[in-house]
Amino acid sequence: MAPMMDDVAKVLLDEATIQAKVRELAARIAEDYAGKELTLVCILKGAVLFAADLLRALPLPVEIDFMAISSYGRGVRTSGVVRILKDLDHSIEGKHVLVVEDIVDSGLTLSYLLETLSSRQPASMKVCVLLDKPERRVVDLTPDYVGFEIPDEFVIGYGLDYAEKYRNLPFIGVLKPEIYAATGE
Ligand code: IMP
């Protein structure tokens with residue numbers, strides 16, 4: 001962990017704070033979906049730790065499926081072009097779908113995804129994000145469940161990466177700007 005810690009400017013959300021929030025979100029979701037069967041759609045790869053923790057905290061009959069989409073590549077800003085790299089394994093027609101995403105920034109990725117998924121006729125569709133950077137939104141998108149609103153800083157850890165690194169940090173931290181400034185991305 002030590003070499004990765006050198007790249008962290010500060011810890012924004014520690015492990016205990018994240019885990020308490022996951023339990024709180026799971027309790028709200030369990031109440032809202034009582035008596036229903038839920039399908040979590042985890043957006044790879046960033047949401048994988050969040051979705052796994054949320055899944056095990058949900059006392060409901062729940063299925064999970066995965067979708068991979070292109071996001072920033074190795075840079076820190078979205079291009080607005082979203083590509084499906086891996087589609088869901090199963091149909092969501094007639095299902096209660098909860099899309100689980102790590103972070104909503106401009107909102108471009110999620111709005112594209114929601115449009116695509118809603119055309120498949122789910123019984124209902126909601127969105128749960130761990131982190132929200134509302135200042136950066138360029139499309140009108142309000143997630144149904146939000147863990148934390150955060151300022152406009154590039155964060156890593158708990159699934160979130162920079163150039164595929166730091167996903168294994170158990171906390172969410174701010175990446176030192178010189179790390180990405182150095183690559184010019
Ligand atoms: P959006 O399309 O601008 O809302 O970007 C959403 C995607 O960009 C997320 O799924 C993340 O993969 C990535 N992203 C946005 N902000 C950050 C960040 O601060 N750290 C790591 N990834 C981020």
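How do the residues of the shell around the ligand divide into nonpolar, polar and charged? In this predicted model, seven are nonpolar, five are polar and six are charged.

The shell holds 18 residues, of which Ser106, Gly107, Thr109, Lys133 and Val155 come nearest to the ligand. Two elements, β5 and α4 (108-118), each supply at least two residues of the shell. The largest share is that of β5, with four residues.

Polar contacts to the ligand include the following.

| Residue | Protein atom | Ligand atom | Distance |
|---|---|---|---|
| Glu101 | side-chain N or O | oxygen | 3.0 Å |
| Gly107 | backbone N or O | oxygen | 2.8 Å |
| Lys133 | polar side-chain atom | oxygen | 2.8 Å |

The protein buries 95% of the 490 Å² that the ligand exposes when taken alone.

Away from the ligand, the report turns to the nonpolar cores. The largest nonpolar core has 31 residues, and those touching the most other members are Ile29, Phe50, Leu54, Leu131 and Ile172. At least two residues of this core come from each of the helices α2 (15-32) and α3 (48-57). The same holds for each of the strands β2 (38-44), β5 (96-104), β6 (124-132), β7 (145-149) and β9 (172-175). The element that gives the most to this core is α2, with six residues.

Leu54 is in contact with Val22, Leu25, Ala26, Ile29, Val100 and Cys128, leaving aside its neighbours within four places in sequence. Another core, of 17 residues, lies apart from the largest one; Ile43, Met67, Ile92 and Val127 are among its members.

Methods. Residues are numbered from 1 along each chain as its sequence is written. This is a predicted model: local features need pLDDT of at least 70, side-chain atom pairs count only at pLDDT 80 or more; totals for chains, interfaces and linings use all residues. Side-chain values use heavy atoms; hydrogens and water are left out. A nonpolar core is a set of buried Ala, Val, Leu, Ile, Met, Phe, Trp, Tyr and Cys residues joined through side-chain atoms within 4.5 Å. Buried means under 20% relative accessible area, exposed over 50%, partly exposed in between (1.4 Å probe, protein chains only). Contact means heavy atoms within 4.5 Å. A residue is near a molecule or strand if one of its heavy atoms lies within 4 Å of it. A polar contact is a pair of N or O atoms within 3.5 Å; within protein, one must be able to donate a hydrogen and the other to accept it, and residues adjacent in sequence count only if both atoms are side-chain atoms. Accessible areas come from the Shrake-Rupley method with a 1.4 Å probe; for residues, only the protein chains shown count as cover. Ala, Val, Leu, Ile, Met, Phe, Trp, Tyr, Cys and Pro count as nonpolar, Asp, Glu, Lys and Arg as charged, and the others, Gly among them, as polar.
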